[in-house]
Amino acid sequence: MSKKIVILTGAGISAESGIPTFRDSGGLWENEPVQLVATPEGFESDPERVINFYNKRREALKNAEPNAAHHALVQLEEKFGDDFLLITQNVDDLHQRAGNKRVIAMHGELLKVRCLGSQEHVFHCTEDQPEKCPECGAKMRPHIVWFGEIPFEMDRIQKALAKCDLFAYIGTSGAVYPAAGFRQLAKLSGAHVVCLNLEEISGGYTDEFIKGKASEVVPKWVEEV
Ligand code: NAD
């Protein structure tokens with residue numbers, strides 16, 4: 001039987017591509033209180049602030065390129081094919097740009113916006129968010145999962161975690177649920193659980209910790225898998 005691999009990535013894998021993480025000093029959220037820019041309530045009370053915040057992040061993404069860690073995960077997918085799944089909490093498009101195809105962007109995508117009318121009109125957006133939906137004229141919002149909202153494709157994620165043999169979480173502080181609970185689900189399903197990060201993550205359910213920068217440790221680890 002073939003080995004099934006599930007990878008979870010967080011902001012740490014994109015840090016060396018120049019995209020700030022959330023909690024580290026100098027992080028993205030230092031100047032922007034999370035409750036104002038990453039909650040439905042924040043959007044309701046000041047949509048312009050929220051839209052500007054994501055417009056700026058979209059602009060910054062243009063200067064970022066995938067790093068060695070992103071590229072290594074493409075090699076892993078090429079090797080394992082349908083037995084590979086990459087779940088990312090990141091809203092940047094660096095995994096997709098590197099060439100990963102089997103990706104679930106569970107917290108949404110910075111380069112997409114959706115309309116508040118049907119919620120089904122989702123558009124690719126590389127510049128500032130359009131004011132109105134080109135399909136129906138309704139207001140638009142970033143295609144981002146905010147605090148208090150349910151991440152995308154949770155059914156598919158849970159099924160993959162229940163069947164995987166190897167689960168690796170990379171560059172994530174393990175502080176935001178439900179993603180923070182994925183290692184537990186994988187472990188209880190019998191998977192070997194590996195953490196690749198700058199710092200050890202507390203809370204257990206991890207068999208192996210590989211300390212270091214993602215661009216250095218991920219390519220080495222991929223060669224060994
Ligand atoms: P995080 O910033 O919480 O954690 C990043 C982790 O990466 C840290 O453990 C850090 O030590 C590690 N790291 C940093 N540079 C690294 C490198 N070069 N190589 C390897 N590891 C490195 O980010 P996260 O875990 O992705 O956050 C989870 C989710 O939290 C995000 O997807 C986001 O949706 C959400 N979020 C958090 C906040 C907040 O913290 N206030 C606000 C909004 C959203």
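1. A definition to begin with: a residue is called buried when its relative accessible area is under 20%, exposed when that area is over 50%, and partly exposed in between. Keep those cut-offs in mind as you go through this note. The model you have in front of you is a predicted one. Let us try the definition out on E153. Its relative accessibility is 39%, so E153 counts as partly exposed. You will find E153 in the loop between β6 and α7. Its backbone is worth a look too, since E153 is not a glycine and yet has a positive phi of about 60°.

2. Here is a residue to set beside E153. Y205 lies in the loop between β8 and β9. Its phi is also positive, near 60°, and Y205 is a residue other than glycine. With a relative accessible area of 35%, Y205 is partly exposed. Why pick out such residues at all? Because most residues other than glycine have a negative phi, and most peptide bonds are trans.

3. That brings us to a peptide bond to check. Y177 and P178 are joined by a cis peptide bond, with omega at about 10°. To locate the bond, look for P178 in the loop between β7 and α8, the helix of residues 182-188.

4. Now for the open sheet. In which order do its 6 strands lie? The order is β3-β2-β1-β7-β8-β9, and the pairing is parallel. At the edges are β3 (103-105) and β9 (208-211), each of which pairs on one side only. Ignoring direction, neighbouring strands of this sheet are turned by 15° against each other on average. As background, strands of a sheet pair through backbone hydrogen bonds, either parallel or antiparallel.

5. Follow the sheet to its β9 edge. β8 and β9 pair in the parallel sense through 4 bridges. To see one of the pairs of residues, find V194, whose bridge partner in β9 is E208. A helix also packs on the sheet: α7, residues 154-163, touches β1, β2, β3 and β7. The direction of α7 makes about 130° with that of β2.

6. Next, a pair of helices. How do α5 and α9 lie relative to each other? Their axes come within 7 Å and cross at roughly 15°. Angles under 35 degrees count as roughly parallel, and α5 and α9 are therefore roughly parallel to each other. Their crossing is left-handed. On the α5 side the contact is made by A68, A69, A72, L73, Q75 and L76. On the α9 side the contact residues are A214, S215, V218, P219, W221 and V222.

7. Some of those names come back in the largest nonpolar core, which has 23 residues. Which of its residues touch the most other members? They are I7, L73, L76, I170, L196, V218 and W221. The elements giving two or more residues to this core are β1 (5-9), α5 (68-80), β2 (84-88), β7 (166-170), β8 (192-197) and α9 (214-224). L76 makes a good example to click on: leaving aside residues up to four places away in sequence, L76 touches I5, I7, F84, W221, V222 and V225. There is also a second, separate core of 20 residues, and among them are L85, M106, M154 and A179.

8. Let us move to strand β4, residues 108-115. β4 is mostly covered, with 6 of its 8 residues buried. β4 pairs in the antiparallel sense with β6 (residues 140-144) over 4 bridges. β4 also runs antiparallel to β5 (residues 122-124), to which 3 bridges join it. In the hairpin of β4 and β5, 6 residues lie between the strands, and Q119 takes a positive phi near 65°.

9. Last, a closer look at V113, a residue of strand β4. Is V113 buried or exposed? V113 is buried, because its relative accessible area is 1%. V113 stands opposite P142 in β6 and opposite F123 in β5. The C-alpha atoms of V113 and F123 are separated by 5.4 Å, although the two residues are 10 residues apart along the chain. Leaving aside residues up to four places away in sequence, V113 touches R58, H121, V122, F123, C125, Q129, P130, M140, R141, P142 and H143.

How values were computed. Residues numbered from 1 in each chain as written. Predicted model: local features only at pLDDT ≥ 70, side-chain atom pairs only at ≥ 80, totals over all residues. Heavy atoms only, no water. Buried < 20%, exposed > 50% of the residue type's maximum accessible area, 1.4 Å probe, protein only. Pairing = 2+ DSSP bridges. Contact = heavy atoms within 4.5 Å. Core = buried A, V, L, I, M, F, W, Y, C linked by side-chain atoms within 4.5 Å. Axes fitted to C-alpha atoms, helices over the stretch in contact; angles between N-to-C directions. Parallel < 35°, antiparallel > 145°, perpendicular 65-115°, else oblique. Left-handed = near helix turned anticlockwise from the far one by under 90°.
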